[in-house]
Amino acid sequence: MTVTEQVDAFLATQALNGNELVVVVGGISDVAAEYKAFEAGSQTADQMTARIQQAGKNLAAQARRLVAAGAKHVVVVGSPNLGYTPWAGTNATRISHLTD
């Protein structure tokens, strides 16, 4: 379920009164999917970067939706630097693209 779908479901069943702490977490699967497409040769590094940037903007849009619905305290947690994870391993190209 995407973050957008989760926010849709939440807002359809919950009311925010401003006293909640809402935590929105996302981005890791977007980065991984876009990198895999780049690695497979189906997109360029620039296309990968643009799509990852758009995913970040989409995550921020969901936070704004929650604020518009009444949330006053929203924490957004994006993807950590995947270039430093075991998934990147010792592959210099992967580390470089995932760290940028």
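This section describes the strand pair, the salt bridges and selected helical residues of a predicted model.

The two strands are considered at the outset. Strand β1, spanning residues 21–25, pairs with strand β2, spanning residues 73–77, in the parallel sense and over five bridges. Within this pairing, leucine 21 of β1 stands opposite histidine 73 in β2. In a regular strand the side chains alternate between the two faces of the sheet. In β1, Val22 and Val24 make up the covered face, whereas Leu21, Val23 and Val25 belong to the uncovered one. The residues of this uncovered face reappear in a nonpolar patch on the surface, in which Leu21, Val23 and Val25 are joined by Val75 and Val77, with about 430 Å² of accessible area together. Both strands take part in the patch, β1 and β2 each supplying at least two of its residues, and the largest share, three residues, comes from β1. Valine 77, which is placed in strand β2, is partly exposed, because its relative accessible area of 36% lies between the limits of 20% for buried and 50% for exposed residues.

Valine 77 also serves as a link to helix α3, since it is among the residues in contact with leucine 59. Leucine 59 is located in helix α3 and counts as buried, because its relative accessibility of 10% is under the 20% limit. When neighbours within four places in sequence are left aside, the contacts of leucine 59 are with Val3, Val24, Gly26, Val76, Val77 and Gly78. One of these partners, Val24, belongs to the covered face of β1. The C-alpha atoms of leucine 59 and glycine 27 are 7.7 Å apart in space, although the two residues are separated by 32 residues in sequence.

Further along helix α3, which comprises residues 45–68, lies arginine 64. In contrast to the buried leucine 59, arginine 64 counts as exposed, at 54% relative accessibility. Its C-alpha atom is separated by 8.9 Å from that of valine 74, a residue 10 positions apart from it along the chain.

Side chains of opposite charge can pair when their charged atoms come close. A search of the whole structure finds two salt bridges. In one of them, the side chains of arginine 65 and aspartate 8 meet at 2.8 Å, taken from N to O. This pair links distant parts of the chain, with arginine 65 in helix α3 and aspartate 8 in helix α1 (residues 3–13), 57 residues apart. Both partners are partly exposed, arginine 65 with a relative accessible area of 30% and aspartate 8 with one of 36%.

The other salt bridge is formed by the side chains of arginine 94 and glutamate 39, again at 2.8 Å from N to O. Here too distant parts of the chain are linked, as arginine 94 lies in helix α4 and glutamate 39 in helix α2, 55 residues apart. The partners fall into separate accessibility classes: arginine 94 counts as buried, because its value of 14% is under 20%, whereas glutamate 39, at 41%, counts as partly exposed.

The surroundings of arginine 94, within the helix formed by residues 92–99, extend beyond this charged partner. Its side chain also reaches the backbone oxygen of tryptophan 87 at 2.8 Å. Tryptophan 87 and glutamate 39 accordingly both appear among the residues that arginine 94 touches, together with Tyr35 and Ala88, when residues up to four places away in sequence are not counted.

Helix α2, which carries the glutamate partner of arginine 94, contains two further residues of note. Serine 29 has its place in this helix, residues 28–40, and counts as exposed, at 55% relative accessibility. Between serine 29 and threonine 90, which are 61 residues apart in sequence, the distance from C-alpha to C-alpha is 20 Å. Alanine 32, also found in helix α2, is by contrast buried, because its relative accessible area of 18% is under the 20% limit. Alanine 32 and histidine 73 are 41 residues apart in sequence, and their C-alpha atoms are 29 Å apart in space; histidine 73 is the residue of β2 that faces leucine 21 across the strand pair.

Methods: Residues are numbered from 1 along each chain as its sequence is written. This is a predicted model: local features need pLDDT of at least 70, side-chain atom pairs count only at pLDDT 80 or more; totals for chains, interfaces and linings use all residues. Side-chain values use heavy atoms; hydrogens and water are left out. Helices (H or I, at least four residues) and strands (E, at least two) are DSSP runs, numbered from the N terminus. A polar contact is a pair of N or O atoms within 3.5 Å; within protein, one must be able to donate a hydrogen and the other to accept it, and residues adjacent in sequence count only if both atoms are side-chain atoms. Contact means heavy atoms within 4.5 Å. Buried means under 20% relative accessible area, exposed over 50%, partly exposed in between (1.4 Å probe, protein chains only). Two strands pair if DSSP finds at least two bridges between them. Patches are made of residues with over 30% relative accessible area and no salt bridge: like charges are joined within 9 Å, nonpolar side chains (Val, Leu, Ile, Met, Phe, Trp, Tyr) within 5 Å. Accessible areas come from the Shrake-Rupley method with a 1.4 Å probe; for residues, only the protein chains shown count as cover. A salt bridge is a side-chain nitrogen of Lys or Arg within 4 Å of a carboxyl oxygen of Asp or Glu.
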